[in-house]
Amino acid sequence: MSQDTLHLCATSRLAQILRDEVPTGSGAWQTPAALTMVQWLSALADEAVLGGDAALPQALDSEAERLLWEQVIADALSSGAGAAAPLFDLPGLAASAMDAHALCRRWGLTAGGAADEARLFAAWQAAFLKRCRDGGWIDPAGLQLELLDRLAAGQFVLPAQVVLCGFDRLTPLEQRFIDVLQARGVDVSERDFSVPAGPPTVHACADATAECHAAVSWALAQLAEHPGRRIGIVAPDLAGVRDRLAGLLDEALHLPALRPDGAELPRSYNISLGRPLAEQPLVRSALDLLALGSGRAAFEQSRLSTLLLGAFWAGDVSEADARACLDAAMRRDLPYFTQVPALLRLAARQAQSCPRTVDALNGALAMLAEAPRSQLPGAWGRVFRQALAAAGWPGERPLSSDEFQAHRAFGEVLDGFGRFDALLGRIGQGAALARLRELCRQRLFQPETRGQPAIQVLGVLESAGLNFDALWVMGLNDDRWPPPPRPNPLLSVDAQRTAGSSHASADVELDFARRVHVRLLRSAASVVLSWARADGNRMLRASPLLGELPAAGVHEARLTTLATRLAVAAGCESIEDGVAPPVAEGEVVAGGSWLLRAQAICPAWAFYQFRLGAQAMETPVEGLDPAARGTLVHGALEQFWGRVGGSEGLAALSDDAARRLLAEAVEKALVHFEEAQRSSLPERFRQLESARLVRLLERWLAVERERPEPFTVVACEQAASVDIEGIRVNMVVDRIDRLADGQQLIIDYKTGAAINIDNWASSRITEPQLPIYAALVGDDVVAVVFAKVLIDKPAFAGISAAGDLLPGVRGLADPRQKVFPAESFPDWPSVIAHWQGALHGVAREVRAGVAGVSFASEADLKYCEVLPLLRLPERRRLLQAR
């Protein structure tokens, strides 16, 4: 580089800003040379290579260096750790080793020490450097040292002047670089970016959310008062508050951006922190498509569901509805782990076809299946491109600007995959995809910012060298500022402290934080500093660096949200609309006892689910969910009592005979369950589940043997139907027992621990199935009980007309039972009459169209399938406003 002046910048952001500077009063000017030290040394390396310098080793980029460290450590662990080697976090170890090696280069540290980790790293480092020499490679920090030696020897043409910009402190490597420049006659100076500043204002905020509100509210006020101002918001923990700040800024400045089609609208703010490329939806879709491989592997349904409902491949627009129907069918008809061919066969049976989707999947699977079993990474990069093209990636619609940039970045990763040929050699498809995914996770992606946004949201390092008209520095709590020390675990801690290397000790971090703190206080004419008083129930303290600054008190400013603005907007009228159309003549209302249960808990739940037919999407689980396990218990007990008949048959069974009968009953229940599900459970899992059920039911039979009254099981899974206020209620009673005097007990099996019978005495019965049968269907019912079929504390729970009918179930006249007070329920007919009245009252609500969002507790809505339709957050806000 031969320009007279070179600006060496601490960050690439500062370098870009300096290149974009417009000199005052100039109609034409030369763009200043502004680069980071790494960028300038890389340019010198390119110059040397173009000049024919064959002695300069090939520089490894960060991904290649990390991969080489992984290989070195993997080889060392395989020989030393043996069978325990797979337990190590290889990528994590490689990252730590890479950082330790860079610290050695930049701070003059030496590997080795008394600790086992330090000795291990010294061996790894020696092996790493040997591999570099053998391959003709060099790590980035090593290249900088090599170039410094050449600069010291007089190589390269240097600028007359070098201006250092934005460095809070210099490493020994950077200081040596400056010394070499000065020895070569270069005039080295430092640019002062400070501006005249008044005393800062310090605010304490209630918590981090309130602090975000305060910072954004302040920024809006600054822009309103001075529209042309440059505003900065700096946070040491930018990753932790980024999303909250972005959401508040969008709501305050760019309301259309809250809509799905406004995600990429130009913003008047910019956030410096990028996200991993793998998190971009377009790239995530590509990686998920490639993960399908040849189609022989089974995938969790959630992964296939994400693909079907996502965009960026064939049919994503034209077949979106058909894909959604296929997803619903997959959730209903296929097992938790599903192969793609099974999904394609299901698609062929669907009434709403999606041929483009099917053809794309078949094409991508064929392309990946035809690839050689192992080949070089560069060849895999070409195969992956072809497979994605066959899948119709990146989709049918034109890409937005951000999507186009993500597409280009992913293409660069694929194109650069060949640079790992020498390092990896021939690898399989799975290893190639894993490496590709890791590269996308490591590469940060941030779309290009259009223009010069008025508000810059930055971390403390990215703010180096920048100045503003007004600056808010947030998150200045003592647990974050100064940052806690993080010495590298693979190097001697004492050596790091002595050298004062990055993050080595509390003293190093305090010194660094003081330098940055002073710089930030001089970065704007108006500076506000803030900290949070609490994080949930944990009380927080201010940073010690705020100790000498006067506090301005607690800052309570909060932004007015969109929901609040709409609620108080002129012309908006609040209407209490909790009435639906009454049930029409001839209208069939489904739901059975669940309809009355939902109506008793929350009328809106009953209306949305059972009258409008809204349903939650099924969510498959691995193995068996609680409902499936309950079904198996019901089925096994039905089979068992069908063979045994009652207490007499049970008493005649020895323990071994009972165990054999239970095993047979469980086997039949499993067979029936698999037939209903149209799939078989894995054999080992089936054996474990069978053993669990037998053990559980043996535990339950011990409770049944304690019953004082002889009984006969007259029905299991008994269907019943009753008309309540013109609404047909169909139900299935788990079990009906008949006592010796002909009276009946109604039993409902429960395999969950939470059972509540207190509601049976309420006007709104939230567990209505047993009261429905006892009050409106059955004759001579003298007890209604839940059978808690549990390994831990199995028992009966309920109420009976007289005591001593069932163990643990108190009679109505028993003074120890508290559910039915004697003054309101003097006898069993009064309980039956209460149930009749309560059930008819709830049914009349259904018939009249009562459908308001009202309930005793949100905990009662645990099993509500239509919870989003109840709009509970809006309800909470309205209640708070009253």
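Two strands pair if DSSP finds at least two bridges between them. I wanted that pinned down before opening this predicted model.

**Entry 1: the hairpin**

I began at strand 23 (residues 727-739) and strand 24, which are joined by 4 bridges and run antiparallel. I picked out one facing pair here: D737 is opposite L745 in strand 24. The hairpin of strand 23 and strand 24 has 4 residues between the strands, and I noted that G742 takes a positive phi near 90° there.

How much of strand 24 (residues 744-750) is buried? I get 6 of its 7 residues, so strand 24 is largely enclosed by the rest of the structure.

**Entry 2: the sheet around it**

I followed the pairing outwards. Strand 24 and strand 25 are parallel and share 7 bridges, with I747 facing V785 in strand 25. On the other side of strand 23, I found strand 22 paired with it in the antiparallel sense over 12 bridges. One facing pair I jotted down is V722 and its bridge partner in strand 23, V729.

Put together, I have an open sheet of 5 strands in the order 22-23-24-25-26, with mixed pairing. Strand 22 (711-724) and strand 26 are the edge strands, and each pairs on one side only. I logged an average twist of 35° from one strand to the next.

Next I checked which helices sit on these strands. Helix 24 (residues 626-644) lies across strand 22, strand 23 and strand 24, and runs at about 125° to strand 22. Helix 28 (residues 769-777) also packs on the sheet, touching strand 22, strand 23, strand 24 and strand 25. I read its direction as about 85° to that of strand 23.

**Entry 3: two single residues**

S593 caught my eye in helix 22 (residues 593-601). Is S593 buried or exposed? With a relative accessible area of 8%, S593 is buried, because the cut-off for buried is under 20%. Leaving aside neighbours within four places in sequence, I list V729, N730, P768, Q769 and I772 as the contacts of S593.

I looked at I791 next, in the loop between strand 25 (781-788) and strand 26 (795-800). I791 has a relative accessible area of 44%, which makes it partly exposed. Not counting residues up to four places away in sequence, I791 touches R695, L696 and R699. I also checked I791 against L693: they are 98 residues apart in sequence, yet 9.8 Å apart in space, C-alpha to C-alpha.

**Entry 4: the other sheet**

I moved to an open sheet of 4 strands, in the order 2-1-5-6, with parallel pairing. Which strands stand at the edges? Strand 2 (33-36) and strand 6 (187-190) do; each has a single partner strand, so one side of each is left without a neighbour in the sheet. Neighbouring strands here are turned by 25° against each other on average, direction ignored.

Strand 1 (residues 5-9) and strand 5 (residues 161-165) run parallel, joined by 5 bridges. I noted L8 opposite L164 in strand 5. Helix 1 (residues 12-19) lies across strand 1, strand 2 and strand 5, at about 175° to strand 2. Helix 2 (residues 37-50) packs on this sheet too, touching strand 1 and strand 2, and its direction makes about 100° with that of strand 2.

**Entry 5: a helix pair**

I pulled up helix 10 (residues 281-291) and helix 16 (residues 401-415). Their axes come within 8 Å and cross at roughly 45°, which makes helix 10 oblique to helix 16. From helix 10 the contact uses L282, V283, A286 and L287; from helix 16 it uses E403, A406, H407 and F410. I sorted the contact residues into 6 nonpolar, 1 polar and 1 charged.

**Entry 6: the cores**

Last, I went through the nonpolar cores. The largest has 82 residues, and F121, F384, F410 and L436 touch the most other members. Helix 4 (residues 90-107) gives the most to this core, with 8 residues. What does F121 touch? Beyond four places in sequence, I list W69, A97, A100, H101, C104, A111, L490 and L491. Apart from this core lies another, of 53 residues, including C602, A774, L839 and L870. As a general reminder to myself, nonpolar side chains tend to be buried together in soluble globular proteins.

Conventions: Residues numbered from 1 in each chain as written. Predicted model: local features only at pLDDT ≥ 70, side-chain atom pairs only at ≥ 80, totals over all residues. Heavy atoms only, no water. Core = buried A, V, L, I, M, F, W, Y, C linked by side-chain atoms within 4.5 Å. Buried < 20%, exposed > 50% of the residue type's maximum accessible area, 1.4 Å probe, protein only. Helix = DSSP H or I, 4+ residues; strand = E, 2+ residues; numbered from the N terminus. Contact = heavy atoms within 4.5 Å. Axes fitted to C-alpha atoms, helices over the stretch in contact; angles between N-to-C directions. Parallel < 35°, antiparallel > 145°, perpendicular 65-115°, else oblique. Nonpolar A, V, L, I, M, F, W, Y, C, P; charged D, E, K, R; others polar.
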